[in-house]
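Dear colleague,

I am passing on the structure we spoke about, together with some notes on what came out of going through it. Please have it open beside you as you read.

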Amino acid sequence: MDSLQQLIYGFGVALQPMNLMWALIGSILGTAIGVLPGIGPALTIALLLPVTISIAPTAAFIMFAGVLYGAMYGGSTTSILINTPGEAGSMMTALEGNKMARDGRGASALATAAIGSFVAGTIATIALTFVAPSVAELAFILRPADYFALMVVSFCSVAVVLGASRVRGFISLFIGLALGVVGIDQMTGQPRLTFGVAEMLDGIELTVVLVALFAVGEILFVASRYDKTRERPMKVGGKWFTREDFSRSWKPWLRGTVIGFPIGTLPAGGSEIPTMLSYTLERKLAKKPEEFGHGAIEGVAGPEAANNAAAAGILVPLLTLGLPTSATAAILLAAFQNYGLQPGPNLFNSNPELVWGLIASLYIGNAMLLVLNLPLVGIWVKLLSIPKPQLYAGILIFALIGIWGVSGSVVDLMLMVAIGLMGYVMRVYDFPIAPVLIGLILGPMAENQLRVALASRQGNPMVLLETPTSVVLLLVALATFLVPLVLRRLRASA
């Protein structure tokens with residue numbers, strides 16, 4: 001009941017005219033960047049960080065939520081019509097959706113993707129409304145050793161699960177941890193990894209790293225692999241949505257939601273794993289499995305629902321524990337820190353207007369996106385006619401101006417270029433970017449929690465095993481290494 005009252009309060013905040021305007025801007029912006037290949041919500045929010053610093057936090061996060069959900073909706077359009085996912089969560093949609101478009105059923109594919117996204121997004125937001133406060137209450141009982149163990153789980157799972165190689169994942173993680181310790185040590189007052197540069201004594205600005213990795217590194221990578229011949233969108237044809245399409249779609253929508261939301265809450269869960277699981281499940285359960293690979297509507301409905309449900313799921317650990325579980329969540333955490341806010345259990349009490357206004361805006365944004373996506377799909381497709389070289393060049397210039405506007409520091413601009421080039425090399429050699437962000441953001445927090453825990457027991461490391469929670473979490477971290485090895489051995493011996 002308390003959550004319901006807080007949600008009503010949140011609607012009072014989100015329905016204010018100015019906040020509605022920011023929700024609409026975020027939804028339009030998110031859909032647009034979801035349609036454009038290579039530009040995801042993480043890049044967009046990273047670019048917006050410098051320019052939203054003068055906007056009230058509640059309005060800024062309502063806009064970011066619109067960008068996050070809008071990108072999920074827009075990504076399906078590109079997947080279906082040009083077989084190019086706008087963001088990673090739409091990869092599975094392209095498999096069946098583009099086949100449907102080639103068979104003249106593009107309208108049905110777009111409709112089941114949009115309605116499925118709305119259904120999953122709404123159900124997942126309801127789950128977020130009632131689950132998040134309970135998790136936040138549980139977080140009050142966690143001690144510093146428990147928080148440290150939780151961050152170790154996050155480090156291990158992100159490094160092991162994301163990317164094709166565990167070695168590359170851990171190298172990315174250690175790069176992030178190294179960037180996170182640059183600056184003056186708060187306890188000893190000693191400079192660390194500053195190389196005598198006075199501007200680095202305060203550490204490396206998070207915004208600089210985010211913009212460098214996404215705006216510079218990602219855009220250089222996307223531009224270097226730009227293929228003009230692939231961007232020939234299919235025409236949106238056929239019947240919009242028949243009764244048979246609905247009867248084949250509604251169960252995959254619900255199953256996709258059930259898969260997507262809990263996996264989205266896990267460290268490194270992201271949107272890729274639930275969409276792949278949903279696709280596999282729908283293929284096994286389909287009455288016409290022979291249609292898979294040739295344009296099965298279940299293969300679009302399930303993954304799209306899982307994709308949107310996972311987007312709501314990542315907000316649970318982010319808002320309640322301050323724990324990012326994906327690159328986009330890491331950038332949202334950086335946005336909180338930009339405003340001097342720390343997500344966690346205290347945020348629900350100290351800033352209810354922001355938390356509940358944000359959750360309520362997810363319901364409103366979902367409804368806006370359904371209206372924006374179904375009838376206006378033809379307009380979104382026209383975005384694909386924007387020349388990509390000019391688009392990417394414009395993004396780089398926008399990033400440069402944004403960083404200069406925030407800091408006015410030549411050192412920050414040089415760092416942005418250097419880290420951006422490092423990000424490009426990482427993408428070329430398939431090093432995952434998300435562990436860098438997780439290490440950079442959570443590294444200093446983990447160090448602080450470890451020091452506090454050790455100080456409480458005069459440096460005795462056994463304090464890390466004093467509570468059942470920390471023991472279980474450290475065992476989970478160990479399992480992320482051992483379970484894949486054991487499974488591999490079992491498969492080899494079978």
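Glu 244 and Arg 248 both belong to helix 10 (residues 243-265), and because they are four residues apart there, about one helical turn separates them. In this model, which is a predicted one, their side chains meet in a salt bridge, with 3.9 Å from N to O. The two partners do not share a class of accessibility: Glu 244 has a relative accessible area of 44% and is partly exposed, whereas Arg 248, with 15%, is buried, since the limit for that class is under 20%.

Glu 244 has a further partner in Lys 288, and the salt bridge between these side chains is also given at 3.9 Å, N to O. Here the pair ties together parts that are 44 residues apart in sequence, because Lys 288 lies in the loop between helix 11 (272-285) and helix 12 (298-313) while Glu 244 is in helix 10. Lys 288 is itself partly exposed, its relative accessible area being 37%. Taken further, Glu 244, Arg 248 and Lys 288 are linked with Glu 291 and Glu 298 in a network of salt bridges.

Helix 10 also takes part in another pairing, in which the side chains of Arg 255 and Glu 282 form a salt bridge of 2.9 Å, N to O. This one links distant parts of the chain, as Arg 255 is in helix 10 and Glu 282 in helix 11, 27 residues apart. Arg 255 is partly exposed, at a relative accessible area of 26%, but Glu 282 counts as buried, with a relative accessibility of 1%. For the model as a whole, the count comes to 10 salt bridges.

Turning to helix packing, you may wish to look at helix 3 (residues 41-51) and helix 14 (residues 327-338), whose axes come within 9 Å and cross at roughly 15°. That angle makes helix 3 roughly parallel to helix 14, because angles under 35 degrees are put in that class. The crossing of helix 3 and helix 14 is left-handed. On the side of helix 3 the contact is made by Pro 41, Ala 42, Ile 45, Ala 46 and Leu 49, and on the side of helix 14 by Thr 328, Ile 331, Leu 332, Ala 335 and Asn 338. Sorted by class, the contact of helix 3 with helix 14 has eight nonpolar residues, two polar ones and no charged ones.

Finally, there are two backbone positions to check. Most residues other than glycine have a negative phi. Leu 193, however, has a phi near 55°, a positive value in a residue other than glycine. Leu 193 is found in the loop between strand 2 (191-192) and helix 9 (206-224), and it counts as partly exposed, at 41% relative accessibility. Asp 430 likewise has a positive phi, near 65°, and is a residue other than glycine. Its place is the loop between helix 19 (410-428) and helix 20 (434-456), and with a relative accessibility of 38% Asp 430 counts as partly exposed.

With best regards

Notes
Residues numbered from 1 in each chain as written. Predicted model: local features only at pLDDT ≥ 70, side-chain atom pairs only at ≥ 80, totals over all residues. Heavy atoms only, no water. Axes fitted to C-alpha atoms, helices over the stretch in contact; angles between N-to-C directions. Helix = DSSP H or I, 4+ residues; strand = E, 2+ residues; numbered from the N terminus. Parallel < 35°, antiparallel > 145°, perpendicular 65-115°, else oblique. Left-handed = near helix turned anticlockwise from the far one by under 90°. Contact = heavy atoms within 4.5 Å. Nonpolar A, V, L, I, M, F, W, Y, C, P; charged D, E, K, R; others polar. Buried < 20%, exposed > 50% of the residue type's maximum accessible area, 1.4 Å probe, protein only. Salt bridge = Lys/Arg side-chain N within 4 Å of Asp/Glu carboxyl O.
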